Amino acid sequence: LVGEHVGIGSDGVEKPDSVVLAVVLGAVRAQVVLLRGDVEGGLEAFDRCVEVAREWVFPGASSDGLEPWTLISLATDLAAHARYAESQARLERAAALAREVERMLARFATIPEAVLDYPIMGMGMAALGQWRLLHSPESDAETTVRLVALALGFGYNRWFPAMAWDPIAELTEAAAPGRLDVVLEEYGDRR
């Protein structure tokens with residue numbers, strides 16, 4: 001299936017015919033590199049996914065940074081950095097990604113509900129929650145628990161291991177024992 005939608009450019013590099021396919025293929029490759037133990041190579045590959053997503057524009061349309069492919073790549077990049085970054089440079093990159101995701105999530109309050117993509121917004125929430133739980137101990141635990149609960153309630157996309165629910169839930173439980181279950185019950189099935 002993928003082969004039908006990926007051509008080879010004159011430079012010998014694969015050229016997917018859609019940005020979403022390019023982002024997904026890039027993120028899958030990045031995750032495989034991480035799982036093979038090449039943390040720097042995997043995180044660089046996730047960074048490239050963000051670059052590819054940002055470069056994709058439609059003729060005559062302006063980009064506001066809230067396109068689904070941009071949000072998917074930002075969220076997966078932040079989630080991967082939250083879990084795997086160790087060097088100072090990578091931690092600084094992750095902090096910058098976290099600030100960008102926070103700004104992006106804040107902008108959703110200004111967008112008509114009819115155009116919101118809740119699962120993709122949830123990806124940003126899940127990634128930001130992981131970052132806060134792992135690298136931002138000064139973050140308010142209750143706010144972070146609610147962020148993680150909302151990610152689940154929004155049906156966030158878990159395509160990639162860096163976005164898996166169980167590790168996020170375990171981190172949340174360790175930071176605020178029992179609170180995630182209480183907040184999930186409070187939210188109930190309001191999705």
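Helices α3 and α4 cross in a left-handed sense, a good place to start in this predicted model. Two packed helices are described by the angle between their axes and the distance between the axes. For α3, spanning residues 68–84, and α4, spanning residues 88–107, the angle is about 140° and the axes lie 9 Å apart. That places α3 oblique to α4, because the roughly antiparallel class is kept for angles over 145 degrees.

The residues that build this contact can be listed helix by helix. From α3 come L71, L74, D77, L78 and H81, while α4 supplies R90, R93, A94, L97, A98, E100, V101 and M104. Sorted by character, the residues of the contact comprise eight nonpolar, one polar and four charged. The polar one is H81, because Asp, Glu, Lys and Arg count as charged and His falls among the others.

Stepping back to the whole protein, the secondary structure amounts to eight helices and two strands. Along the sequence these elements appear in the pattern β-β-α-α-α-α-α-α-α-α, with both strands thus ahead of the helices.

Some overall figures complete the picture. The protein has 191 residues, and 45% of them are buried. Among contacts with a separation of 6 or more, 64% join residues 24 or more positions apart. The accessible surface is about 10000 Å², and carbon and sulfur atoms hold 56% of that surface.

Methods. Residues numbered from 1 in each chain as written. Predicted model: local features only at pLDDT ≥ 70, side-chain atom pairs only at ≥ 80, totals over all residues. Heavy atoms only, no water. Axes fitted to C-alpha atoms, helices over the stretch in contact; angles between N-to-C directions. Helix = DSSP H or I, 4+ residues; strand = E, 2+ residues; numbered from the N terminus. Parallel < 35°, antiparallel > 145°, perpendicular 65-115°, else oblique. Left-handed = near helix turned anticlockwise from the far one by under 90°. Contact = heavy atoms within 4.5 Å. Buried < 20%, exposed > 50% of the residue type's maximum accessible area, 1.4 Å probe, protein only. Areas by Shrake-Rupley, 256 points an atom, 1.4 Å probe, with all protein chains shown as cover.
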